[in-house]
Amino acid sequence: MKARIISIANQKGGVGKTTTAINLGAALAMRGKRVLIVDLDPQGNASTGLGVERDRRVQSVYDLLLGDVSAAKLARETAVDGLFIIPSTMDLSSADGELMASSRRVMHLRNALHHRDTPYDYVLIDCPPSLNLLTINAFVASSGILVPLQAEFFALEGLSQLLLTVREVRSTANADLRLEGIVLTMFDRRNNLCLQVEDEARETLGDLVFETKIPRNVRLSEAPSHAMPVLNYDPSSRGAVAYRSLASEVLARHEQELVANV
Ligand code: ADP
Ligand code: MG
């Protein structure tokens with residue numbers, strides 16, 4: 001079986017990409033899926049948040065992109081059964097320039113991840129906060145893009161830039177790429193601006209916007225310093241409930257698709 005590869009992307013920093021990768025990944029794993037997170041951000045927040053210490057990061061996603069090391073060899077176990085991560089290191093920050101020098105510069109990650117015999121059901125790529133060559137590699141490798149959208153002013157303007165890039169990738173290197181969905185993050189229902197952004201997003205993007213909204217929840221921001229997903233750190237927190245619900249929506253969408261394709 002081929003893994004379903006999903007980029008978690010938004011060129012804005014601090015909108016909840018890494019939090020979504022870790023916790024959606026954990027929620028899918030807890031539903032019995034085998035999940036690999038690919039930490040494609042040189043900051044390495046997903047690696048730290050899942051407790052992969054620096055000394056367990058001798059080989060990293062850099063070796064997946066530019067070396068010849070296989071995903072299976074690079075994947076590290078996490079505290080969650082069925083959840084694995086390929087960590088990132090700071091040398092990833094030089095990868096952009098090195099990829100630029102390659103004639104198949106946008107294909108590296110795709111070539112590394114597209115194996116028929118992959119043991120994973122889901123691969124979630126935690127993208128850097130930019131539309132650089134690393135992110136393009138992620139889009140070319142993916143079947144879908146999941147966009148965390150922080151409900152704030154200008155959120156939708158940033159989204160149109162991202163959608164342009166998606167269209168470009170679709171017309172050049174990956175015709176199958178589609179939007180998996182948009183998830184509103186750090187949502188505060190007492191905040192009028194949040195409600196306005198939600199209305200506008202649902203009006204213009206319709207079903208692409210997940211029903212589930214991720215609330216602003218302090219437990220979500222505490223969990224990484226305990227090196228675990230919020231689903232382990234505080235399973236009954238509002239953040240944990242929300243990410244479990246997002247996982248259900250993602251799974252339901254995929255099951256419907258499978259039925260539609262029979
Ligand atoms: P990105 O990967 O897009 O840069 P992060 O997931 O790292 O964003 O989130 C940025 C910061 O906000 C982190 O400190 C994270 O712990 C915190 N955070 C993310 N989502 C939430 C949330 N729903 N509630 C509270 N804090 C959050
Ligand atoms: Mg991040």
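In the predicted model, methionine 186 is located in strand β7. Its phi angle is positive, at about 50°, although the residue is not a glycine. Methionine 186 has 22 other C-beta atoms within 10 Å and is therefore classed as buried, the threshold being 20 or more. A second non-glycine residue with a positive phi is alanine 227, for which the angle is about 60°. Alanine 227 belongs to the loop between α10 and α11 (230–233), and because its C-beta neighbours inside 10 Å number 16, it counts as partly exposed.

The strand that carries methionine 186 is part of an open sheet of eight strands, arranged in the order β3-β4-β2-β5-β1-β6-β7-β8 with mixed pairing. The edges of this sheet are formed by β3 (76–77) and β8 (209–215), each of which pairs on one side only. Within the sheet, β1 (residues 4–8) and β6 (residues 144–150) are paired in the parallel sense over three bridges. Isoleucine 6 has glycine 144 of β6 as its bridge partner. In total, the chain contains twelve helices and eight strands.

With regard to overall dimensions, the C-alpha trace spans about 50 × 40 × 40 Å along its principal axes. The radius of gyration of the chain is 17 Å, which agrees with the value near 18 Å expected for a compact globule because the chain has 262 residues. Of these 262 residues, 45% count as buried. Among contacts with a separation of 6 or more, 78% are accounted for by residues 24 or more positions apart.

The largest nonpolar core comprises 79 residues, and those with the most contacts inside it are Val123, Leu124 and Tyr243. Helix α1 (residues 17–30) supplies the largest share of this core, namely eight residues. Beyond residues up to four places away in sequence, leucine 124 touches Ile6, Ile8, Ala21, Leu24, Gly25, Val35 and Ile37. Ile6, one of these contacts of leucine 124, is also the residue bridged to glycine 144 in β6.

Helix α1 also features in the surroundings of ligand 1, giving the most to the shell with three residues. This shell consists of 18 residues, the closest being Gly16, Lys17, Thr18, Thr19 and Ser221. The elements that contribute two or more residues to the shell are α1, β7 and α10 (218–222). Classified by residue type, the shell holds six nonpolar, ten polar and two charged residues.

Helix α7 (residues 133–141) is mostly covered, with eight of its nine residues buried. The buried positions are Leu134, Thr135, Ile136, Asn137, Ala138, Phe139, Val140 and Ala141. Two of these residues, Phe139 and Val140, are in contact with asparagine 174, as is Val169, when neighbours within four places in sequence are left aside. Asparagine 174 is found in the loop between α8 (155–172) and β7 (178–187). Its C-alpha atom is separated by 7.9 Å from that of phenylalanine 139, although the two residues are 35 residues apart along the chain. Because 19 other C-beta atoms lie within 10 Å, asparagine 174 is partly exposed.

Note on methods
Residues are numbered from 1 along each chain as its sequence is written. Chains are lettered from A and ligands numbered from 1 in the order in which they are written. This is a predicted model: local features need pLDDT of at least 70, side-chain atom pairs count only at pLDDT 80 or more; totals for chains, interfaces and linings use all residues. A nonpolar core is a set of buried Ala, Val, Leu, Ile, Met, Phe, Trp, Tyr and Cys residues joined through C-beta atoms within 7 Å. A residue is buried if 20 or more other C-beta atoms lie within 10 Å of its own, exposed if 12 or fewer, and partly exposed in between; C-beta atoms are placed from the backbone. Helices (H or I, at least four residues) and strands (E, at least two) are DSSP runs, numbered from the N terminus. Two residues are in contact if their C-beta atoms, placed from the backbone, lie within 7 Å. A residue is near a molecule or strand if its C-beta atom, placed from the backbone, lies within 6 Å of it. Ala, Val, Leu, Ile, Met, Phe, Trp, Tyr, Cys and Pro count as nonpolar, Asp, Glu, Lys and Arg as charged, and the others, Gly among them, as polar. The radius of gyration is taken over C-alpha atoms; the globule rule is 2.2 Å times the number of residues to the power 0.38. Two strands pair if DSSP finds at least two bridges between them.
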